[in-house]
Structure formats: structure tokens, C-alpha cells
2 protein chains.
Amino acid sequence: MVLLDGKTTSAAIKQQIAKQVEELVANGEKRPHLVAILVGDNGASKTYVAAKEKACGEVGFNSTVLRLPEETTEAELLKEVDRLNHDDDVDGFIVQLPLPKHINEQRIIEAVDPSKDVDGFHPVNVGKLSLGLPTFVSATPFGIMELLKAYNIDTKGKHCVVLGRSNIVGRPMANLLSQKGNPGDCTVTICHSRTQDIASYTRSADIIVAALGVPEFLKGDMVKDGAVIVDVGITRVPDETRPKGYRIVGDVAFDEVAPKASYITPVPGGVGPMTIVSLMKNTLQAAQWRKQAE
Amino acid sequence: MVLLDGKTTSAAIKQQIAKQVEELVANGEKRPHLVAILVGDNGASKTYVAAKEKACGEVGFNSTVLRLPEETTEAELLKEVDRLNHDDDVDGFIVQLPLPKHINEQRIIEAVDPSKDVDGFHPVNVGKLSLGLPTFVSATPFGIMELLKAYNIDTKGKHCVVLGRSNIVGRPMANLLSQKGNPGDCTVTICHSRTQDIASYTRSADIIVAALGVPEFLKGDMVKDGAVIVDVGITRVPDETRPKGYRIVGDVAFDEVAPKASYITPVPGGVGPMTIVSLMKNTLQAAQWRKQAE
């Protein structure tokens with residue numbers, strides 16, 4: 001069994017990005033600039049945004065975090081989005097989800113200029129992904145594709161079972177893995193809460209991407225020997241023995257599944273760091289496309 | 001075995017549309033207007049456009065066919081598209097594909113105003129489909145969903161195998177059938193030219209959508225008893241005994257598969273007429289959305 005080490009892989013990709021940024025700067029160009037909008041006081045969101053800010057520093061990007069109060073209105077947030085759309089110094093920006101209940105998330109997502117939408121959430125970017133056109137692939141699926149690539153995992157003709165049909169992980173993952181290319185060319189089955197007898201699908205899978213958000217859902221008897229296991233789950237489970245009072249648990253029962261797997265991602269240290277570095281890749285790409293469009 | 005009769009079903013839907021159009025007109029509103037651009041001299045394209053024009057007449061739409069010569073340049077075609085985008089009398093329009101080789105199809109598709117893109121080919125509409133948002137669903141997948149609905153076929157939790165990953169049929173079909181709703185909530189497997197042992201997937205399928213474009217690909221021994229079979233194939237096979245010199249063959253070996261199926265579409269007379277009537281539904285929808293946006 002080989003660990004799909006997202007920490008080491010993402011560190012190597014960060015080094016590559018940092019090198020490209022220094023080349024840009026040496027050529028007299030500006031550093032890519034990523035802005036994150038954080039509305040309200042969600043603990044997990046604050047953690048994610050801090051991790052993104054840290055990564056920006058490591059690769060040499062400029063970064064800004066706009067912290068807006070919980071009571072920000074939709075109109076005020078739309079105004080910020082519009083300002084960032086028109087700010088030539090900003091290459092890409094994200095609006096950290098979830099937003100407070102009184103704000104229509106989809107309206108905000110669709111207000112972001114697709115050319116600065118480094119989360120890849122705007123419908124036009126989702127559509128381009130589905131069509132196999134160049135675009136910002138949303139960070140988690142992008143990170144998983146990069147991780148499979150880094151470990152030279154042969155996906156062609158393999159049966160991949162994706163657990164979960166969310167718009168930000170399961171569905172784009174199914175679209176990417178079924179497209180021509182490498183990684184890609186998989187026969188993909190998408191399972192979800194309505195699937196009858198999920199184990200009957202996972203047991204025949206060469207590759208499993210678990211993104212249901214159910215801690216330790218995938219047990220040892222649900223996978224075949226030699227399967228490749230990608231665990232997207234990241235649930236905080238209360239744990240008094242930990243300093244923070246919780247531990248992070250994936251969708252895979254690691255101790256049972258790992259001995260059967262050929263490759264498996266740990267949680268944490270697997271998909272998580274790949275997600276963050278993929279946002280950096282998208283931001284660099286945004287800066288490059290903006291430059292080309294000048 | 002029950003025939004999924006696209007001819008009868010589409011005729012009933014056409015009657016509903018015609019009734020809605022007469023109500024619009026009685027209220028002093030204009031008839032929906034669909035324009036088709038036909039470039040060059042492709043035989044199949046001419047047949048399709050003629051069928052669409054005929055359907056417009058049957059439901060009471062205004063229709064226009066712009067016939068442009070094979071040697072039309074991309075710039076000239078873009079100019080036509082731009083003109084239609086801004087023509088307030090036009091509710092929706094399609095550019096019949098394929099286009100001559102010297103024209104970049106994707107560039108044309110992306111030039112169409114998404115609010116008039118009744119084929120649902122623009123990336124923003126493809127993205128909205130993937131996200132489960134209201135949009136123009138491209139006509140073939142839309143027609144298949146309507147046919148399943150018309151026959152009250154229970155799809156929830158069923159295993160659906162989609163053969164083919166094209167952008168206009170296989171991929172949107174997989175996205176629609178795996179979404180929440182009815183029809184929908186299927187566990188979907190998408191198979192394609194790189195799939196190893198396709199029969200191992202089709203044999204466990206409750207529903208099969210065959211859209212590979214390979215005549216009589218799906219044989220009797222590849223389906224289980226009671227499966228629902230949707231045949232999207234429409235290949236012209238030379239046949240001297242027919243007046244036109246060819247016959248239309250689907251992707252399903254009908255004579256072998258039909259006795260095992262619970263429901264099956266004939267070819268012709270199954271998916272084809274549903275596709276055309278779905279374009280009419282999209283055009284009526286375009287007119288309604290335009291009216292709401294006024």
C-alpha cells in the first residue's frame with residue numbers, strides 16, 4: 001500500500017509555482033493577487049481562509065482577505081464582488097462558502113467575473129469543465145486529478161466509483177474522470193444517498209472517490225484488493241483527548257481499507273493540501289490568461 | 001414489452017404547446033419565433049432543419065430558416081449570430097451542426113446569447129444543467145427525460161448505464177439522471193469507447209441509454225430481463241431495397257433486445273420526435289423568460 005501523500009505532492013507543486021512567480025517578477029511583471037472574501041464568523045471557514053492566505057505567502061502571491069460582518073447584506077456583498085471584478089490589480093478572488101442564510105449564494109457566484117472565478121463555481125466555468133474546455137477546475141477535483149497524475153496512476157478503462165453528487169466535488173469529479181485524457185478515460189459510476197446497495201458498486205471499483213461527507217462510511221469489506229482510494233471527507237468529530245476538542249475524520253475507515261488498497265489518501269494530509277495548492281494553480285492561470293488577453 | 005412511443009407522446013406535447021401559443025396570441029402577445037441557421041449542403045442537416053420547421057408550423061410558432069452557402073466565413077456567420085442576438089422579434093435560434101470545417105464550431109456556440117440558446121449548447125447553459133439550475137436542456141436528453149416521465153417510469157435508485165460520453169447526449173444524460181428528482185435519482189454509470197467489457201455494466205442495468213452511434217451495438221445477451229431501453233442511435237445504413245437508398249438503424253439490436261425489455265424506444269419513432277418537440281418546448285420557454293425579463 002502506498003500513501004497518496006498530498007502534503008509532499010502539494011509542497012513540490014508550490015515550489016514550481018513559486019519559481020514561476022519569481023520568473024514573472026524578474027521579468028518586471030506583477031505578482032499574482034488572490035483576494036478572499038470572508039463573511040461572518042464560521043470557524044471552519046476562518047481555518048480554510050487562513051490556510052489559503054498562508055499558501056499565497058509560500059508561493060509569492062499577493063493576498064488580501066476581506067472580512068465582512070455576518071450582517072452584510074446581499075447588496076453590499078454584490079457591490080464588493082463588482083468592485084473586485086473591476087479591480088485590475090486582482091487576478092482572482094473567492095467568496096468563502098457557506099454564506100449567511102440571508103444571502104443567495106447562487107446569485108453571488110453568478111456575479112463573479114468568470115475570468116476571475118478561481119474557485120470554478122460560475123456556471124460558465126462549470127459548463128466548460130463538462131465540455132472538456134480550458135477553464136478553472138474547482139479546487140478539490142483539480143487537486144485529486146493532480147494527485148493521481150503525480151503518482152502515475154493508470155486510470156484508462158478503469159472503473160471509478162464516485163460516492164457523492166455534490167456540485168463542488170462528486171459531479172465535476174465524475175465529469176473529469178470520464179473525459180478523454182490521463183488521468184481520465186475511466187468508466188465512472190456516480191453513487192449517492194439514493195443508490196441502492198452502494199457496496200455492490202464499490203466492490204467492483206478499481207478507483208473510489210469518497211465524497212459523501214459521512215465519517216468512515218467506506219468499510220474494509222466494501223472494497224476489492226488493490227483498489228485506489230481517494231478520501232475527500234473532512235468531518236470534525238468531537239474528541240476530548242485532542243487539544244482542539246475534535247479530530248478530523250474522512251469518509252473512509254482507514255484502518256480497515258488501507259491494508260487492501262494499492263494507493264490511499266490519508267486524512268488529513270491527502271486531498272486537503274492538494275485542494276489549496278490547486279487554488280494557487282488557478283490563480284496563477286488567471287494571471288496568465290489576463291496577461292494574454294491584454 | 002411496452003413501446004416508448006415518441007411519435008404519440010410528442011404529438012400530445014405539441015398539442016399542449018399549440019394550445020399555449022393560442023392563449024398567448026389571444027392575450028395579444030406575439031407568436032414565439034424560432035430561427036435556424038443552415039450553412040452548406042449537408043443532407044442530414046437539411047432533413048433535421050425541415051423537420052424542425054414543420055414542427056414550428058404545427059405548434060403555431062413563427063419560423064425562419066437562414067440558408068447560407070458552404071463558403072460562408074466564420075466572420076460572416078458571427079455577424080448573423082450577432083444580428084439574431086439583438087433581433088427582438090427572435091425568441092430563440094439554433095445553428096445547425098455540423099458546420100463546414102473552416103468554421104470553429106465552439107466559437108459560434110459561445111457567440112449565441114445564452115437567453116436565445118434553445119439548443120442548450122452554450123457553456124453557461126451546460127453549466128446550469130450540471131448544477132441543476134433552470135436552463136435550456138439540450139433537446140435529445142430533454143426529450144428522453146420527457147419520454148420517461150410520460151410513461152411514469154420509476155427511475156429512483158435504479159442503475160442507469162449511459163453508453164456514450166458526447167457533449168450533446170451522453171454527458172448531459174448522465175448529469176440529468178443522477179440529479180435529484182423524477183425522472184432522476186439514478187445511480188449512473190457512463191460507458192464509452194475506452195470502457196473494458198461494456199456488457200458487464202449493461203447486464204446489471206435497470207435502464208440503458210444507448211448513444212454510441214454504433215448501429216445495433218447493444219445485443220440481446222447484453223441486457224437483463226425487464227430493462228428499460230432508450231435508443232438514441234440514428235445511423236443511415238445503405239439499403240438498396242428502400243426508396244431513399246438507406247434505412248435508419250439505432251444502437252440497439254431491436255429484434256433481440258425488445259423481447260427482454262420492459263420498455264423500449266423504436267427507431268425511428270422513439271427519441272427522434274421527442275428531440276424535435278423538446279426544441280419547441282425550449283423555444284416557448286425562451287419566449288416566456290424574455291417576457292418575464294421585460
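When two copies of a chain are compared here, they are superposed by least squares on the C-alpha atoms of residues with pLDDT of at least 70 in both. Keep that in mind as we walk through this model, which is predicted.

Let's begin with the two chains as a pair. A turn of 180 degrees and a shift of 0.0 Å along the axis lay chain A on chain B, with an RMSD of 0.0 Å. That relation is the one made by a two-fold axis.

How do the copies meet? Of the interface residues of chain A, 97% are also interface residues in chain B, so the two copies use the same surface. In numbers, 35 residues of chain A touch 34 residues of chain B. The two chains bury about 2900 Å² between them, and carbon and sulfur atoms account for 51% of that area. If you would like some landmarks on the chain A side, look for A:Leu131, A:Arg171 and A:Thr187: they lose the most area to chain B, together 19% of what that side buries.

Now let's step inside the chains and look at how helices pack. Two packed helices are described by the angle between their axes and the distance between the axes.

In chain B, find helix H1 (residues 6-26) and helix H10 (residues 271-293), whose axes come within 9 Å and cross at roughly 20 degrees. Angles under 35 degrees count as roughly parallel, so H1(B) is roughly parallel to H10(B). The crossing of H1(B) with H10(B) is left-handed. On the H1(B) side, the contact includes B:Ile13, B:Ile17 and B:Leu24, along with B:Lys7 and B:Lys14. H10(B) contributes residues including B:Val277, B:Met280, B:Lys281 and B:Leu284. By class, this contact of H1(B) with H10(B) holds 8 nonpolar, 5 polar and 3 charged residues.

For a second packing, turn to chain A, where helix H2 (residues 43-59) and helix H10 (residues 271-293) have axes that come within 10 Å and cross at roughly 55 degrees. H2(A) and H10(A) are therefore oblique to each other, and H2(A) passes H10(A) in a right-handed crossing. Here A:Ala51, A:Lys52, A:Ala55, A:Cys56 and A:Val59 of H2(A) meet A:Ile276, A:Leu279 and A:Met280 of H10(A). The residues of this contact of H2(A) with H10(A) divide into 7 nonpolar, no polar and 1 charged.

Methods. Residues numbered from 1 in each chain as written. Chains lettered and ligands numbered in written order. Predicted model: local features only at pLDDT ≥ 70, side-chain atom pairs only at ≥ 80, totals over all residues. Heavy atoms only, no water. Axes fitted to C-alpha atoms, helices over the stretch in contact; angles between N-to-C directions. Helix = DSSP H or I, 4+ residues; strand = E, 2+ residues; numbered from the N terminus. Parallel < 35°, antiparallel > 145°, perpendicular 65-115°, else oblique. Left-handed = near helix turned anticlockwise from the far one by under 90°. Contact = heavy atoms within 4.5 Å. Nonpolar A, V, L, I, M, F, W, Y, C, P; charged D, E, K, R; others polar. Buried area = accessible area lost by both parts, 1.4 Å probe.
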